[in-house]
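Trainee: Please teach me how to read a protein structure, one feature at a time.

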Amino acid sequence: MNTTNEAQPVVTPAITTKIRWLYGLGAAAFGVKDNGFSYFLMIYYNQVLGMTASLAGLAILIAMIFDAISDPLVGWWSDNTHSRWGRRHPFMYSAAIPVAVVYYLLWNPPLDFLAQFEYGLFFYLTVAAIVIRFLITLYEIPSTGMVAELTEDYDERTRLLSYRYMFGWYGGLFMAVLAWGVFMKDTPEYANGVLNPAGYFGYSLVGSILIVIAILWSSIGLHKFIPYLKQPPERQSFNPMQIVKDLKVTLANRNFLSLFMAGLFAAIGAGVATNFDAYITNYFWGFNSSDIRWLNVSLFISASMAAILSPIITRRFDKKASALGIYGISIFYGAMPVLLRLFGLFPGNDSPYLLPVMIFHYITNVTLIVMFGIIQSSMLADIVEHSQMKTGRREEGLFFAARTFAAKATSGVGAFIAGITLDLIQFPIGATPGQVSEDVLFRLGVIFGPTLMVFYLLALVCISFYQITREGHGDRIETLQERQEESA
């Protein structure tokens, strides 16, 4: 019998350590962008450029609303793209240079020109934030979604995402260390270095260069996998209503909804926290730029520990149980220092023990947070086959659009809430550490500590509705392989 024309199964190359590093490296671009948006954008436009916190928060929120539309569309677009470079790489390559250019422009607005227009700076921030978010979406969703195509193994997906989260944190932490140690360190002219406008030029230039390098290095390194990645079926015709129906069916998946809502609540809480971070470290704890630099350096340990521990824990326990346990602990542990300070039970700002205690707390708490993120994303990857069983479609991009959207909500809804809150508690513009009233600092601590726990607890409840297990995932992989063999 002549078998030369029979379809042969396509076997994806083995996932090596080199591939894990290349896949993870791309997340450094998101980390660089996220560090700027989450930690410095609000304080830069508010305290340095003089925009009210509410307006700055509104601009970032408007950009996030555009994300709510663009993220699922880019995910669907990537899932259904046919090209000689596959479904993912055309988007990844096209985003690299434009996002770096616009990211640089965000931190270097033409102030003299904008001053001619009422709300000129507000509109500039809004447009720049929208464009950056869209371009990051073009890269991050296709790139992250590849994890479910690179491997179907339940545990390997966690390992791959461990590298991705590690590099994402490394990218952000590297920029934070440079910011506090080089570009925004305290000087005689600027006792609070974060208020030095000149520092943001170097910060944005280095960040833009790193974004280009991370995106292109990762994309080129994974280019050889294109022939082995999943290909979408040919659509008979372009029917917008059918596309909408397909999206509704896919996004109605119960497991997806539980993770999406959990990610959204967690991201909103984290968004308020990260936008408050510069205020908390500078004013609440009274740290100078050198102290903050060491806090950020210590977090490199957290990212590495999380990347090592996450696969170990999920091999011993199911992903859902691991996520619930880790996140439940981190909710209360993370708020502990602020709660103790509010009750007068924590070292004062003049204590020599404050910095080492907080370094230890930062390392352990962020390790838990990163572990939760890794495991939650690995849970999301397993939804791909669960949905495919019902719909017949592989929609990695669409599902990971939800993760990207939730992550970007940290500087969207979170920034908006943080901006309004800062105005409500009457936090002064251009404030010098040590000169903010105790009443204002107390209210800042109440919001940063116990109030944010509400969002995190809601996220914990949502995760409890997730139902995919290791055994169920394995059965679905076998069933889908049998279907593929029957149709070949």
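Mentor: Let's start with the naming: helices (H or I, at least four residues) and strands (E, at least two) are DSSP runs, numbered from the N terminus. Keep in mind that this is a predicted model, where local features need pLDDT of at least 70, side-chain atom pairs count only at pLDDT 80 or more, and totals for chains, interfaces and linings use all residues. Residues are numbered from 1 along each chain as its sequence is written, and side-chain values use heavy atoms, with hydrogens and water left out.

Trainee: Okay, let me try a residue. Where does Phe317 lie?

Mentor: Look at the loop between helix H12 (289-316) and helix H13 (319-342); that's where Phe317 sits.

Trainee: Is Phe317 buried, exposed or partly exposed?

Mentor: The word depends on relative accessible area: buried is under 20%, exposed is over 50%, and partly exposed is in between (1.4 Å probe, protein chains only). Phe317 has 45%, so it counts as partly exposed.

Trainee: Which residues is Phe317 in contact with, leaving aside its neighbours within four places in sequence?

Mentor: Contact means heavy atoms within 4.5 Å. With those neighbours set aside, Phe317 touches Ser322 and Arg470. You can also check a distance: from the C-alpha of Phe317 to that of Gly373 it's 16 Å, and the two are 56 residues apart along the chain.

Trainee: Next, helix pairs. How are two packed helices described?

Mentor: You give the angle between their axes and the distance between the axes. The axes are lines fitted to C-alpha atoms, for helices over the stretch in contact, and the angles run from 0 to 180 degrees between N-to-C directions. Here, find helix H2 (residues 27-48) and helix H8 (residues 154-183): their axes come within 7 Å and cross at roughly 50°.

Trainee: What do we call that orientation of H2 and H8?

Mentor: Under 35 degrees is roughly parallel, over 145 roughly antiparallel, 65 to 115 roughly perpendicular, and the rest oblique. H2 and H8 are therefore oblique. Their crossing is right-handed; that label means the near helix is turned clockwise from the far one by less than a right angle, while anticlockwise would be left-handed.

Trainee: Which residues make the contact?

Mentor: On the H2 side, look for Ala27, Ala28, Gly31, Val32, Asn35 and Phe40. On the H8 side, they include Arg164, Phe167, Gly168, Met175 and Trp180. By class, that contact has nine nonpolar, five polar and one charged residues. For the classes, Ala, Val, Leu, Ile, Met, Phe, Trp, Tyr, Cys and Pro are nonpolar, Asp, Glu, Lys and Arg are charged, and the others, Gly among them, are polar.

Trainee: Give me another pair. At what angle do H3 and H16 pack?

Mentor: Helix H3 (residues 53-79) and helix H16 (residues 413-424) pack at about 165°, with axes 7 Å apart. That makes H3 and H16 roughly antiparallel, so you can picture them running in nearly opposite directions. H3 passes H16 in a left-handed crossing. Among the residues in contact are Leu58, Leu61 and Met64 of H3, along with Phe416 and Ile420 of H16. The classes here are 10 nonpolar, three polar and one charged.

Trainee: How many salt bridges does the count come to?

Mentor: A salt bridge is a side-chain nitrogen of Lys or Arg within 4 Å of a carboxyl oxygen of Asp or Glu. By this rule there are 12. In one of them, Arg20 pairs with Glu156 at 2.8 Å, N to O. Arg20 is in helix H1 (residues 17-25) and Glu156 in helix H8, 136 residues apart, so this pair links distant parts of the chain.

Trainee: Are Arg20 and Glu156 buried or exposed?

Mentor: Arg20 is buried at 13%, and Glu156 is buried at 7%.

Trainee: Which residues are joined into one network?

Mentor: Begin with Arg87 and Asp79, whose closest N and O atoms are 4.0 Å apart. Salt bridges with shared partners join Asp79, Arg87, Arg88 and Glu149 into one network.

Trainee: Last one: what is the phi of Gln426?

Mentor: Most residues other than glycine have a negative phi. Gln426 isn't a glycine, yet its phi is positive, about 60°. You'll find Gln426 in the loop between H16 and helix H17 (438-463), and at 63% relative accessibility Gln426 is exposed.
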